[in-house]
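Please open the model in your viewer and keep the selection tool at hand. The stops below go from one sheet to the next.

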Amino acid sequence: MIERALLAKPRGFCAGVVMAIGAVEKAARQEDRPVTVYHSIVHNHTVVARLERERGVHFVEDLDSVPALPGGGDTIVFSAHGVSPLVRARARELGLSTIDATCPLVTKVHTEAKKYAREGYTILLIGDSARHQEVIGTQGEAPEATLLVGVLGKTGEGLHDPYTVRVPDPERVVVLTQTTLSVDDTRRTVDILKARFPALLIPPSEDLCYATKNRQDEVKRIAKQVDAFLVVTSTHSSNGMRLLELAEAECGRALRLESAADLDGLNLEGVRTVGITSAASTPDDLVQAVVERLRAANPALVVSEEGEWEHIEFREPKKLGPNGMAL
């Protein structure tokens, strides 16, 4: 029987996710025609399904499909992961009004990419996949100047190994990162690059987002106290899967679930104390449903919340017309 559950704080929605989902919900209430989102607004199946079902929101991976959507929506929301200049340009060509729900921390990395490309630097962009929307958007700001580097040599299609990546001028090279990576793995990767390129420029403020770091720090703290860790996340959430990997490394037994229903398929034999956390894109009601299901199966369960909540808010984005003017 499970006797105790430790709920990590912070967990679940970060400020960027709250801002992005709020922007879609507000647009859906105010627009006369259906609202469309380019890519999943955040990487969570439940969030997307709820917006489709309850708000009538469309999700697309190609802007050219927007005119043919039911209702002919003319407003496009850019997801929290950010988009490249090519996507913005195509939205203007199609005459679409836009709401940019890009997380401000991602926007900061975009700004850095443009700045260093103008100054003639080669940008080493550390990411976990060349297909991740955040990586695509950031690389799109300076494609000719950017090389994608895998974390700790985890190379895949389009990713260079930090041990072997080559740059045109070792004296003019800068490192930027996807915001949702493992803090420890990113630090080690940067150390490898710094050893290879002593002149490597590292921006003074870390690109990894505060929410990613805070959630990982709390998992590390709790992991030593539990027999197993439950991580509520969709598989395509980068920050969520990094939490799962970290919990496994720190605790030795980490299990992923999308919702409380997945508890039925998990082996929790021998677990007396369990840690619970969730990705920055996971609604907390999913976590609470997991807790209630554990309580139902373990009537004497003691639940405690560990850590501190974040108190950060991001300003809601404005709607812009095809000409770039605020509406």
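Select Tyr38 and then Phe78, which stands opposite Tyr38 in strand 4. Widen the selection to residues 35–38 and 75–78, and you have strand 2 and strand 4, which run parallel and are joined by 4 bridges; strands here are DSSP runs of E with at least two residues, and helices are runs of H or I with at least four, numbered from the N terminus. This is a predicted model, in which local features need pLDDT of at least 70, side-chain atom pairs count only at pLDDT 80 or more, and totals for chains, interfaces and linings use all residues. Residues are numbered from 1 along each chain as its sequence is written, and side-chain values use heavy atoms, with hydrogens and water left out.

Now show the whole open sheet, whose 5 strands follow the order 3-2-4-5-13 with mixed pairing (two strands pair if DSSP finds at least two bridges between them). At its edges are strand 3 (58–60) and strand 13 (319–320), each of which pairs on one side only.

Next, select residues 15–30: this is helix 1, which lies across strand 2, strand 4 and strand 5 (97–100) and runs at about 155° to strand 2. Contact means heavy atoms within 4.5 Å, and axes are lines fitted to C-alpha atoms, for helices over the stretch in contact, with angles from 0 to 180 degrees between N-to-C directions.

Move on to the open sheet of 5 strands in the order 10-9-11-1-12, where the pairing is parallel. Strand 10 (254–257) and strand 12 (302–307) are its edges, and each has a single partner strand, so one side of each is left without a neighbour in the sheet.

Finally, select Ala5, which stands opposite Val274 in strand 11.
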